[in-house]
Amino acid sequence: MFEQILIGLTVVIYLGSAALAAAEVAYLSEVAGAVCVRLLQVGFAVHTVSIILRWVEVGRAPVAGMAETLSFLSWMLVLIFLLVRWRYQVGAAGLILVPGAFFLSAIGGAMYQAPQAVQAELMSPWLGVHVGLNLVAYAAFAVAFSMSLLYVVQEDILKKRYQGVRRLVLGLVVALGTGLGTYVGYLMADPTIFEDYTGHRVYGYSQGDWLLIGLGAGTGLVVSLIAGWAAARGAARPSFANRLPALYVLDQLSSRSIVLGFVLLGTGILSGALWAQSVWGSWWVWDPKEVWALVAWLFYGAYLVFRNLANWRGRYAAFLAIAGLFFIVLAFLGVNLFFPGRHDFN
Amino acid sequence: MPLAVLGVNYKTAPVEVRERIALSLEGCQEVVRDLTGRSDVGESVVLSTCNRTEVYVFGDSLVLREAALHCLCDHTGVAEEEITESIYYFEDHAAIHHLFSVGGSLDSMVLGEAQILHQLKESYSVAEEAGATGAIINKLLRRSFEVGKRVRTETRIGESSLSIASVSVDLARNVFGNLRDRKVLVVGAGDMAELVVTHLKAQGTSDTMVANRTYARAQELGERFGGRAVPYENLGDHLTEADIVISSTGASEPVITRSTMEEVMRRRKNRPIFLIDIAVPRDVEAAVNDVYNAYLYDIDDFQDAVDSNLNERHEEAVKARVIVEEEVEQFEDWLSSLSVVPTVVELREWAGSVKDEEVEKFLARMPDLTEDERNKVSALAHSIVNKIMHPPTVRLKEAAGDEEVIRYEESIRYLFPLNGKTHTRGEGSSSEEE
């Protein structure tokens, strides 16, 4: 119960920080920036406590099941953002990373489950190593994604392609706003959750629930269209480039994050293979999650090749980094939802 | 409250009028001396810059406008009829607001400029020297300096770049981040190009290469920048090396074409390049901006950037106006508290005189008291008077900012036998009572 309160508090704090991060850029407010960082630090501390509590409760690394992994991933995002912001002063990266942390922790919080017994295979030190490595890798790729998204916006401004800037900013704001609206709708809908005969959690939505969710999404869409239009107008001018980090910095951070993610993901997959060998007796079982993680890893490998051998620095690299996250999301979430396999531990 | 300003500025009068009504610092000093020499004007400061000439006065409200105008015209030889159309005259709240706006650079031709504060300070010190300032003007002007400082530190109104050279630096930093050790190439020559190079060097760029059709000219410029001359024929090589290129030749055809840049970009392995084309006609083909990782800005683009930055200043000006409003309110509170002080002083003086009288009478009737006992009696009386006077004193001072305070003062003057009529504000504070 206490853990749930902490999680709820964390989610609210992350939402507030996201708003402050936007205010910092929109109103050129140093105060907003300073408060945002402080608030985020407080939220991070609270979040850390909740993770430690969970760790102690379940007697293993708290990275099994969707709720735990989402929580850990969002925790990682906040940590990386704070570090990057401190080291490189790229506060604007918070425009994407902090809302990202909010959404992940919010969804994780919504999926909260009291600790239950998990399969014996999971009660192993391999869990922390394998999942931990992968999650840090995902966070690194998310950072690369954010930096690359900012890169595209900044490049459009500097190349005076203002139409493109307007579209991008509008798209971003609408995506965030609609997502937030949908989440609020979901909170109000409060569907019944029960387990079916296989032990999976199933969400039962009534018509009223769908209506609420739809209403939330719709409201989010309308409000964010208006806000996005205003933001797009404000961003599509030469002076806005001063509020975003330099192209060179964004490009460097993006590529370094990918190098880090590539190494970590590779090690993570390897550790998974070793672990599988010890419990399933086989290195590789062509489980969907394994496959898509490998595909993502190869995709980022291609990024590194193109970048260094074909000199794909700048916009092309940014597009690759943005596309790469699609594979990551697929490997992380998509397979659990659409392709159950050996990785199905819920 | 007879505080006023009379003046002309760039908004109300064209330069032909402004230049005739302008005053040097000495001229300003003469005007304030003249003005404060009159019995009905207490204090004055005159501010005269290329954009405005303003006379700030404090004195008898009936004559201020006329006196200021007369003095100004007297000292500049301009007839009053000639400038009456361009004159603005503000009193009290509006005058304070105007001065604080001026000090906060909100009334300047270039929003957020830094010079006006310096000019204000000079005008003030000249007036102070001439003995033309007193409690009110002193506080007012000093407060205006504070407003200027607050506006500059609490808002970003003066920060955005409005010149081509500083905008160039901003843009270069938006592309490259830190400019330390970045290489610069100058093609051609010119004052603007030199200015840009100077600004860039201040950010830490190294190795300034100069290319010119005339090699001797390139050498001359190279020496000036602490850089080196490079042969004009190998422009492609230099473009491959440099990160920032400033082009300012007199050529009628572009010296850098799209095809050249694409070839250069291949050799550069897509490392970004920033081109500053300040030549008219343009030196760099517009299509170069479409080349991967090449960023091109011509004169019009710089103008757009400057306009955009000016807009930002206008947005910051909103915050500045809030500061000005705050300060005006605070100053007005202070001003009204001044009128309270004489009333409070007189009330306490009266109470004190009553106490002295009664204690004297009492002690006279008790000749056998010891020294110690006499002191104790005095002390008791003193203490009682203080205790009784304390609450109304505090209340009056607290109410100093309210409009009600006049009524409190009138009530006290009605209820207690204080000397003098109800003061009109400020009279008692500038010159001595006659």
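**Exercise 1.** In what order do the four strands of the open sheet in chain B lie, and is the pairing parallel or antiparallel?

*Solution.* In this predicted model, the strands are arranged as E2-E3-E1-E4 in chain B, and they pair in the antiparallel sense. The next step is to find the edges, which are strand E2 (41-48) and strand E4 (88-91) of chain B, each of them pairing on one side only. From one strand to the next, the twist averages 15°. Within the sheet, strand E1 (residues 3-9) of chain B is joined to strand E3 (residues 52-59) of chain B by seven bridges, again antiparallel, and Ala4(B) stands opposite Val57(B) of E3(B).

**Exercise 2.** Determine which strands are crossed by helix H2 and which by helix H5 of chain B.

*Solution.* Helix H2 (residues 25-37) of chain B lies across E2 and E3 of chain B, and its direction makes an angle of about 165° with E2(B). Helix H5 (residues 92-103) of chain B lies across E1, E2, E3 and E4 of chain B, running at about 115° to E4(B).

**Exercise 3.** Describe how H2(B) packs against helix H6 (residues 115-129) of chain B.

*Solution.* Begin with the axes, which come within 9 Å and cross at roughly 45°. Because this angle falls neither under 35 degrees nor in the range 65 to 115, H2(B) is oblique to H6(B). The crossing of the two helices is right-handed. H2(B) contributes Leu25(B), Gln29(B) and Val32(B) to the contact, while H6(B) contributes Glu122(B), Ser123(B), Val126(B), Ala127(B) and Glu129(B). Sorted by class, the contact of H2(B) with H6(B) has four nonpolar, two polar and two charged residues.

Definitions and conventions:
Residues numbered from 1 in each chain as written. Chains lettered and ligands numbered in written order. Predicted model: local features only at pLDDT ≥ 70, side-chain atom pairs only at ≥ 80, totals over all residues. Heavy atoms only, no water. Pairing = 2+ DSSP bridges. Axes fitted to C-alpha atoms, helices over the stretch in contact; angles between N-to-C directions. Contact = heavy atoms within 4.5 Å. Parallel < 35°, antiparallel > 145°, perpendicular 65-115°, else oblique. Left-handed = near helix turned anticlockwise from the far one by under 90°. Nonpolar A, V, L, I, M, F, W, Y, C, P; charged D, E, K, R; others polar.
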